Amino acid sequence: MNDEDVDELGPVDYVVVEFPADRANFSGEMAKELSALVDRGVVRVLDLLILKKDLDGSVEGFESHEFGDDELGELRTAETELAMLLAEEDVESIGAALEPGSVAAVLVWENVWAAPFGSAVRRSGGQLVASGRIPIQALAAALEADVSTTEEGV
Amino acid sequence: MLSRDRVGRPGVLGGRPVARTAAVAGTAAVVTRGVRRRGDRREDRRDDGQDRRDERRFR
């Protein structure tokens, strides 16, 4: 990834999806949905790691190519896009959030859909001053309050 | 095993332990319904406004 790529880069997000060790399943539906997003140009996969946290709390990271097709399914097709953004330090940071005895997939992706809009903003002289994610609990609370207000006829 | 390319360089997550997200199972459906309901009400208000504009025009 060079400077020109970074200039055209959409916002980058990550998720950590945890499974109990005996129920880890990275193939099937999850992989299919992600592949569809990649195919439609909505996202670009920048990194994919598998973490295992032992019962003693130690965390080990694995590269996606260490897993077979059966385990990662269609996610492997996105492997060519990997930019290997995460460092060993990030594995330790993420490991702190995992339950002992669990397996987790860490996915980093670029929101490709947002890049043209960001470029348009810059060309128009605008600049991003804030962004964030509204927690779904906050949305639920706001909608709940809205319903209460409506029911009370306020 | 992690690739050697990931070792000995700063991370991108800020170097602090990542906070665990609270479980939201079941909440997404509630929010989706709520957002739809709010969208419907906005649509109703828009229709009301259009009706009032039409009334004024034909008065």
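**Exercise 1.** In this predicted model, determine which residue takes a positive phi in the hairpin of S2(A) and S3(A), and how many residues lie between the strands.

*Solution.* Step 1: the hairpin of S2(A) and S3(A) has 5 residues between its strands. Step 2: within this hairpin, A:Gly57 has a positive phi near 90 degrees.

**Exercise 2.** Establish which strands pair with S2(A), and in what sense.

*Solution.* Step 1: strand S3, residues 59–63 of chain A, is joined to S2(A) by 5 bridges, and the two run antiparallel. Here A:Ile50 stands opposite A:Phe62 in S3(A). Step 2: S2(A) also pairs with strand S4, residues 102–111 of chain A, in the antiparallel sense over 10 bridges. In this pairing, A:Lys52 stands opposite A:Val103 in S4(A).

**Exercise 3.** Explain why strand S2 of chain A is described as largely enclosed by the rest of the structure.

*Solution.* Step 1: a residue counts as buried when its relative accessible area is under 20%. Step 2: strand S2 covers residues 43–53, and 9 of its 11 residues are buried, so the strand is largely enclosed by the rest of the structure. Step 3: for chain A as a whole, 32% of the 154 residues count as buried.

**Exercise 4.** Locate A:Met84 and describe its phi and its exposure.

*Solution.* Step 1: A:Met84 belongs to the loop between helix H3 (69–72) and helix H4 (88–95) of chain A. Step 2: the phi of A:Met84 is near 50 degrees, a positive value in a residue other than glycine. Step 3: the relative accessibility of A:Met84 is 27%. Partly exposed lies between under 20% and over 50%, so A:Met84 counts as partly exposed.

Methods: Residues are numbered from 1 along each chain as its sequence is written. Chains are lettered from A and ligands numbered from 1 in the order in which they are written. This is a predicted model: local features need pLDDT of at least 70, side-chain atom pairs count only at pLDDT 80 or more; totals for chains, interfaces and linings use all residues. Side-chain values use heavy atoms; hydrogens and water are left out. Buried means under 20% relative accessible area, exposed over 50%, partly exposed in between (1.4 Å probe, protein chains only). Helices (H or I, at least four residues) and strands (E, at least two) are DSSP runs, numbered from the N terminus. Two strands pair if DSSP finds at least two bridges between them.
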